[in-house]
Amino acid sequence: MTQPLTRPKRKNPLKKTRLPLSPHAVRSRAAHGLTAAAAQGRFELQVCLDCKAVIYPVRDACPACLSARVAFAPVANGGTVLAETTVRVSTEPYFRERVPWRVGMVKLDVGPVVIAHLHGDVLEGQRARLQFKLDKGGAPVAIALPEKDTPNMADDPQWREMTCDPKFRRVLITDGRTAVGQAMAKAFSQAGAATVFVGVADGWKPFAGMDALPAIERVEIVPLDLTDTESVRELAEQNGGRVDILVNTAEHVRPGGLIGRHGLTVAREEMDIRYLGLVRLAQAFGPAMGARGADGVNSAAAFVNLLSVHALVNWPAYGAYSATEAACLSAAQCLRAELRPGGVKVMNVFFGPLETDWFQTIPPPKVAPATLANAVVDALKKGLEDVFVGDVAEDIRARLAANPKAVEREIGE
Amino acid sequence: MAFNLRSFALGIADGSIKVIDLTHTLSQEFPTIVLPPEFGQCAPFRMEEVSRYDERGPAWYWNNITVGEHTGTHFDAPIHWISGKDLANNSVDTIDPAKFIAPAAVIDCSQECAADADFMLTVPFVESWERQHGRIEAGNWVLLRTDWSKRPYAGYAGLRDDGAHTPGPTPAVVKWLVEERDVHGFGTETIGTDYGQGQHFNPPYPAHFYMHGKGRFGLQCLTNLDLLPAKGAVIFAAPLKIKQGSGSPLRVLALLGQDAG
């Protein structure tokens, strides 16, 4: 039985902050098939297209029939723990700080035996669910979970190393003026975040929901204007060391492409709020977050970008908006590489049109702000990196995987 | 007129001519006018450090700034409004620079505004002011003292469900000031020269429509009007020389001689 986490004590200010370390992160190119699946929360192994053998560890050819036609595919993740051991001494700096650490061998029902980290509620001889997770260094690793959910299982220390659970963490929602920002504040409060800082720009300007927002449990309103470098810096100077999960809810949705728009005012605003806003946040909050990736129960854990799925393929009806989102996606990839050594995950959450004013004329399916917020919390609990929320996002993901040129063409018609 | 500029300069130096700053600091937080979101918006003041004695420039500190022409304490040129679009010399770069210096009549309605955010300046109110202070002379700025500049930003912007609630002039009084008093322009402490709900007047935004339609100027987001006498202050308000500019942030100074008051 997992011991429930207790709220961490206030930090002793005389103690040095433990710096982030990563387990070994080098993987073969083929093994990044596991990275891709783990990033999105799928369980995939290589399957031989010729003899149908399921293959693990990752190889360039099928060990059964020597065919080179092996491809990652979803497979069943059930198995039995054959053996377990507890590592008490390690030469790896990352594990030295975290022993005792349980590992074991799991015989999957689909064939292979996998050496995996063991969740505390999994014992030798028991049935287990195997998952691939991205560890603190962003590399895919196997972890065996109990067959059925157990009480407090999210609090298991080994599991928590691989997730970004908001429980007892301090969260910054960057824009509370929007429906999405407010839904996010509610979702994180319900998920047990210790503090939910919610940024509000232009406090002199009323907004829908402004009275309900401060009433949400553990919400603290902070002045934050993502278009104002000084405002972002000031908040980071005061609270940067207390932000464990940052969720950038800034949005600027306006219809229109390139030619039809008259002038650049709106395009500049889009880039200022979205792209430059992200850069400002990265510069102001990135250093402290990247230094606090191993800072105990409430270590810095995740930087969350909310991105239109049209960052992946331009939607000409909202063409300039899509271009801005694409810039944000590119920046997020850079930020991911920059924060990886700090043990902080950069999570990109893709969605289609939202159930908000600026998509008023767009027919359903649309994503409700609360749905998006719950998806973000859920994905953090699972430690994902790339998340697709709603039918439009899922559809575009699938179609892009099949034929990106066709999507580009169809979406503009 | 016999006049001695040297004694003017000496008067400034020895303090017998007082210089009062009517300008708000250009800051990121200061409210900018809010239009419905489907319209283009005026950019707020923003500042990016270029260097500060660091690796970006070891011995010097400087910033790049961005503003709209109507950000912070600013000047409105006639070309700003459609009614003034065809006038000669209607943009900040072509206005006769002599017009950047003019006397001011300051109408104090701060008490009325304290009680009523929707206070409207009317012709009878100005006539009553004139009975006390004398007729507004041609070529004077008319500055509306509301003490609005002393309000916290939320009250200053005055935004409610139905838009801004801030004091301003009726269409009749603006027309009257231009046609019957031949004023130089109209200046306010509020975000615009017009009443907060001025879009519902006929014509909408009369301070803009009539003033600029007759080649007169606007000043807004002024402060320290409570330090000015009803008559006698001289206003120095020279906008940036922006090519075809509709206005500009600027430093507005009031000069007070010993004759003022």
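Helix 6 (residues 206-213) of chain B lies across three strands of that chain, namely strand 4 (74-76), strand 11 (185-188) and strand 12 (217-220). The helix runs at about 140° to strand 12 of chain B. The model is predicted. In chain B, nine strands form an open sheet with mixed pairing, while chain A has an open sheet of seven strands with parallel pairing. Ten residues of chain A are in contact with twelve residues of chain B.

**Sheet of chain B**

- The strand order in the nine-stranded sheet of chain B is 1-15-13-5-7-11-12-4-14.
- Strand 1 (18-21) and strand 14 (247-249) of chain B stand at the edges with a single partner strand each, so one side of each has no neighbour in the sheet.
- Neighbouring strands of this sheet are turned against each other by 25° on average, direction ignored.
- Strand 5 (residues 101-108) and strand 7 (residues 141-145) of chain B run parallel and are joined by five bridges.
- Opposite Ala105(B), in strand 7 of chain B, stands Val142(B).

**Chain B overall**

- Chain B contains six helices and 15 strands.
- Its radius of gyration is 19 Å, close to the 18 Å that the globule rule gives for 261 residues, so chain B is as compact as a globular protein of that length.
- The C-alpha trace of chain B spans about 65 × 55 × 40 Å along its principal axes.
- Of the 261 residues in chain B, 38% are buried.
- Contacts in chain B between residues at least 6 apart in sequence join residues at least 24 apart in 73% of cases.

**Sheet of chain A**

- The seven strands of the chain A sheet are ordered 11-10-9-12-13-14-15.
- At the edges stand strand 11 (219-223) and strand 15 (386-389) of chain A; each has a single partner strand, so one side of each is left without a neighbour in the sheet.
- The average turn between neighbouring strands of this sheet is 20°, direction ignored.
- Strand 12 (residues 245-248) and strand 13 (residues 302-308) of chain A run parallel, with four bridges joining them.
- Ile245(A) has Ala302(A), in strand 13 of chain A, as its bridge partner.
- Helix 6 (residues 265-291) of chain A packs on the sheet and touches strand 12 and strand 13 of chain A. Its direction makes about 175° with that of strand 12 of chain A.

**Chain A overall**

- Chain A has ten helices and 15 strands.
- The radius of gyration of chain A is 22 Å, close to the 22 Å that the globule rule gives for 413 residues, so chain A is as compact as a globular protein of that length.
- Along its principal axes, the C-alpha trace of chain A spans about 65 × 60 × 30 Å.
- Buried residues account for 44% of the 413 residues of chain A.
- Among contacts in chain A with a separation of 6 or more, 67% are between residues 24 or more positions apart.

**Domains of chain A**

- The domain assignment divides chain A into domain 1 (32-160) and domain 2 (170-411).
- The C-alpha centres of domain 1 and domain 2 of chain A are 31 Å apart.
- Nine residues from domain 1 of chain A and nine residues from domain 2 of chain A take part in the contact.
- On the side of domain 1 of chain A that touches domain 2 of chain A, helix 1 (32-40) and strand 7 (127-134) of chain A each supply at least two residues.
- The residues on that side of domain 1 of chain A comprise three nonpolar, four polar and two charged.

**Contact between the chains, and helix 5 of chain A**

- The contact between the chains takes ten residues of chain A and twelve residues of chain B.
- Helix 5 (residues 229-239) of chain A gives the most to the chain A side, with three residues.
- The side of chain A that touches chain B has two nonpolar, five polar and three charged residues.
- Thr229(A), Ser231(A), Val232(A), Leu235(A) and Ala236(A) are buried in helix 5 of chain A.
- The buried residues of helix 5 of chain A pack against strand 11 and helix 6 of chain A, together with strand 2 (46-54) of chain B.

**A loop residue of chain A**

- Pro364(A) lies in the loop between strand 14 (345-351) and helix 8 (369-382) of chain A.
- Pro364(A) is exposed, with 10 other C-beta atoms within 10 Å.
- From C-alpha to C-alpha, Pro364(A) and Ala332(A) are 28 Å apart in space, and they are 32 residues apart in sequence.

Methods:
Residues are numbered from 1 along each chain as its sequence is written. Chains are lettered from A and ligands numbered from 1 in the order in which they are written. This is a predicted model: local features need pLDDT of at least 70, side-chain atom pairs count only at pLDDT 80 or more; totals for chains, interfaces and linings use all residues. Two strands pair if DSSP finds at least two bridges between them. Axes are lines fitted to C-alpha atoms, for helices over the stretch in contact, and angles run from 0 to 180 degrees between N-to-C directions. Two residues are in contact if their C-beta atoms, placed from the backbone, lie within 7 Å. Ala, Val, Leu, Ile, Met, Phe, Trp, Tyr, Cys and Pro count as nonpolar, Asp, Glu, Lys and Arg as charged, and the others, Gly among them, as polar. Domain bounds come from an automatic or database domain assignment. A residue is buried if 20 or more other C-beta atoms lie within 10 Å of its own, exposed if 12 or fewer, and partly exposed in between; C-beta atoms are placed from the backbone. The radius of gyration is taken over C-alpha atoms; the globule rule is 2.2 Å times the number of residues to the power 0.38.
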